[in-house]
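Trainee: I have a structure to read and do not know where to begin. How does one describe what is in it?

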Protein chains: 2
Amino acid sequence: MYQSLLLPDLRQMLNENDELGMKEFCEVLFPAVSAEILTELQPAEAWRVLSKSSNLTRLVEIFGYFSLSFQVQLVNVIDREPLSRLIEELAPDDRVDLLERLDPEHVESLLPLIAQAERTDIRKLLSYPEDSAGSIMTSEYASLPKDITVSEAFERLRLQAPDRETIYYIYIIDEQRHLLGFLTMRKLILAKPDQKLSDVMARDVLSVRVDEDQEKVARDVNRYGFIAIPVVDNDNRLVGIVTHDDASDILEEEAEEDQHRLAAVEPLEDSYLSTPVITLAKKRGVWLFFLLGASVLTAWVLKYFDAGNENNWLIMFLPLVLASGGNAGSQSAALVISALARDQLRLKRGSAFNIIYREFFLSAILGGSVSLVSLGAAWFLTGAVEPAIVVSSTVFLVVVMASVSGAALPILVQSFHVDPAYMSTPLIAALVDVAGVIIYFNVAYLVFGYYPV
Amino acid sequence: MYQSLLLPDLRQMLNENDELGMKEFCEVLFPAVSAEILTELQPAEAWRVLSKSSNLTRLVEIFGYFSLSFQVQLVNVIDREPLSRLIEELAPDDRVDLLERLDPEHVESLLPLIAQAERTDIRKLLSYPEDSAGSIMTSEYASLPKDITVSEAFERLRLQAPDRETIYYIYIIDEQRHLLGFLTMRKLILAKPDQKLSDVMARDVLSVRVDEDQEKVARDVNRYGFIAIPVVDNDNRLVGIVTHDDASDILEEEAEEDQHRLAAVEPLEDSYLSTPVITLAKKRGVWLFFLLGASVLTAWVLKYFDAGNENNWLIMFLPLVLASGGNAGSQSAALVISALARDQLRLKRGSAFNIIYREFFLSAILGGSVSLVSLGAAWFLTGAVEPAIVVSSTVFLVVVMASVSGAALPILVQSFHVDPAYMSTPLIAALVDVAGVIIYFNVAYLVFGYYPV
């Protein structure tokens, strides 16, 4: 609700170069709100606003609410010196996520400007395999020795509080950082001030290994309703924690990946709208070609049954034509539906037209390539050029029609407050079947002058 | 890892009626672990184990880790007296979720046994509309007045700590419960003991309205990485909080619903394996019939183009036959894949066979009904009985074949450590196309003695 009201003000501040206004924008609003509004600007403009504030902690908080792809764009417009200060202050796990996405040369040029302690931490976290607990954990956890009292514990936690991801879960470790026990802040508050931690702590700590799969770890955090879960090495030494908010992000990403895979789209690294058309074409094309192969097999089986009948090429390729449309339409629908469900499209104005335009362009590339392959397949299986022309032109038209309507229909029904997920893959395929048959027979009529059935 | 080791021990304790062993089982293990193992037993057996412990807080913790459907089964085997004690102790939001699932008469018979305060709370929470923030919030939050000092705040929190969902987020309210401000435990620890809360608290509190949509609320909690978000009424009075773990559960449920809808399955209330076959048949059947309608339209369009050709009924129903199989197969695949992703199938032994068996039975019901409708449609469109017999028998066979393979393939590829989500809707449809054509032509051959092309 704030966003639409504040964005025009911010643009005016930029036009008038109102430094005080921009500084206040960064420092007075809730960081998540500042971040959402800044995402609407060009990265260079967003940085012009941010650079007016000297409150580094605030900047880091706002920066943390940007999407990873916006962070990367932003990093590319910030000078090395302020950038290295910013990176030093980021939470270790967010920092590593960001650095993994940057050009390695860029990272190497930044590292010398970053303080020694952070540098070591970066190199260590960068070394864990992707999708492991190690790659999503943070090293900023609260820990205490076992032989101090509860009141001493409060003293020490006061010192740790400012820079730990959470101080509500406290891990009890020995000098070699072996995980001995666990305490919640709640338990600490309920304990008597002179009790020893070793008498209050729970000894049976649920922990995960640093090389465990991130999805399993995230699911554990969620299932048990934890705020964080400790991550240990082979020797039960505490190396980090995975917090509930990072676990939720992982589960959301994994759910989106599944949703894309289920519609035969290779998972995207970015949100749908931030992914370039050419990348989308690759992620979808690989499956469209594979599925086209299966359709050619169906055509071949039909040819076998129709062996006696020369005119039946039209029938032979009917499933192929319909399937190409159904597949392309499902891909578009799944991409748009999962983006809608994650609110990725709500803030951007004009995004409906942007999506339709992109799908049109994208489906022309995809339709063109799939159409070329079907031309070859149809020519080979029928031995004649006219049928091949009919099949391949139809495939092109059907893919474009299906992709555009697969993207448009979910947006349309959402505008009537109907869950866009009702535009299911089978429903899109059914609509494409009706329209596809009409296109197919009319293209054949155009080429032959009659329906060649 | 624990589970497979401990389950046989527990069964032995039950056989030998080892009361002490069962008591220890409840009180020594981590509650989430006890709950997972108990789920493997029959509800009556599980309650026999639980009833051996007199530690009600422990029982409530374990109970909270059961799935809602297991909780309902369990409730039906517990006597009214111990059941009302248990329900009194449950967290208000969990309690309401459970009571909403019980037979209203059962609830009314329990209410008189429940303490007055809890009874009022139950009636209040039950009154919020389903899917609203009010229906998922808990009324057990930590709150303080604004004019006390930090050290007084700690004193009061010590009293609130035992029965609040979280004491890490503290809400500052006036006598009419208007939400004035917000404090984290971290901020409280960092503040000076004699500071007034009104000087330390944040005044700009992000809150949600009690009638807001639960999915939006859950998404806010997640996006901002909060431990909880306050819920207020129209008058900005604090009425509850939604905690991060409940928010994650909601998002997971909503993602699963979307996954089911995208494969044309009406969302299930329970997990796939706990849903009775007849319910699954309804949730899938409604869409299969609707999609069959679209396929009849395609057949009708094909009839229009084929008007001159008597033998083309085989072609006319080709898309219908293939689509019926594709739709049924996608439904099974999506159900199994989302259950696998949520780990719902891992613990149960023999679940692969159980699933295939259920899908077989279920698809016979679905295939039979869809086949009857296609018999009518084909008879009407062709005006002859033999084509109608071929079409409807093929639809039956294809639906059964597609459902069983749609369920089996994801399980099969998962056993080779491949993400089952690769068994996408379009891929299942493509496989069904090849097999469907072969079945269709062979059924036609059986009826006519030749391929009637």
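Mentor: Two copies of a chain are related by a rotation about an axis and a shift along it. Here, a turn of 180° and a shift of 0.0 Å along the axis lay chain B on chain A with an RMSD of 0.1 Å. The copies are superposed by least squares on the C-alpha atoms of residues with pLDDT of at least 70 in both. The two copies are thus related as by a two-fold rotation axis.

Trainee: What kind of model is this, and how are residues and chains labelled?

Mentor: This is a predicted model, in which local features need pLDDT of at least 70, side-chain atom pairs count only at pLDDT 80 or more, and totals for chains, interfaces and linings use all residues. Residues are numbered from 1 along each chain as its sequence is written, while chains are lettered from A and ligands numbered from 1 in the order in which they are written.

Trainee: How many residues does each chain bring to the contact?

Mentor: Chain A brings 71 residues and chain B brings 71 residues; two residues are in contact if their C-beta atoms, placed from the backbone, lie within 7 Å. Of the interface residues of chain B, 100% are also interface residues in chain A, so the copies meet through the same surface.

Trainee: Which helix gives the most to the side of chain B that touches chain A?

Mentor: H22(B) does, with 11 residues. Helices (H or I, at least four residues) and strands (E, at least two) are DSSP runs, numbered from the N terminus. That side of chain B divides into 44 nonpolar, 14 polar and 13 charged residues. Ala, Val, Leu, Ile, Met, Phe, Trp, Tyr, Cys and Pro count as nonpolar, Asp, Glu, Lys and Arg as charged, and the others, Gly among them, as polar.

Trainee: How do I read a pair of helices?

Mentor: Two packed helices are described by the angle between their axes and the distance between the axes. Axes are lines fitted to C-alpha atoms, for helices over the stretch in contact, and angles run from 0 to 180 degrees between N-to-C directions. Across the two chains, the axes of H19(A) and H22(B) cross at roughly 170° and come within 10 Å. H19(A) and H22(B) are therefore roughly antiparallel; angles under 35 degrees count as roughly parallel, over 145 as roughly antiparallel, 65 to 115 as roughly perpendicular and the rest as oblique.

Trainee: Which residues of H19(A) and H22(B) meet?

Mentor: Pro319(A), Ala323(A), Gly326(A), Asn327(A) and Ser330(A) meet Thr425(B), Pro426(B), Ala429(B), Ala430(B) and Asp433(B). They divide into five nonpolar, four polar and one charged.

Trainee: At what angle do H8(A) and H10(A) pack?

Mentor: Helix H8 (residues 92-101) of chain A packs with helix H10 (residues 116-126) of chain A at about 65°, with their axes 10 Å apart. That makes H8(A) roughly perpendicular to H10(A). The residues of their contact divide into six nonpolar, no polar and three charged.

Trainee: Into which domains is chain A divided?

Mentor: They are domain 1 (2-128), domain 2 (141-249) and domain 3 (263-448), with bounds from an automatic or database domain assignment. The centres of domain 2 and domain 3 of chain A, taken over C-alpha atoms, are separated by 51 Å.
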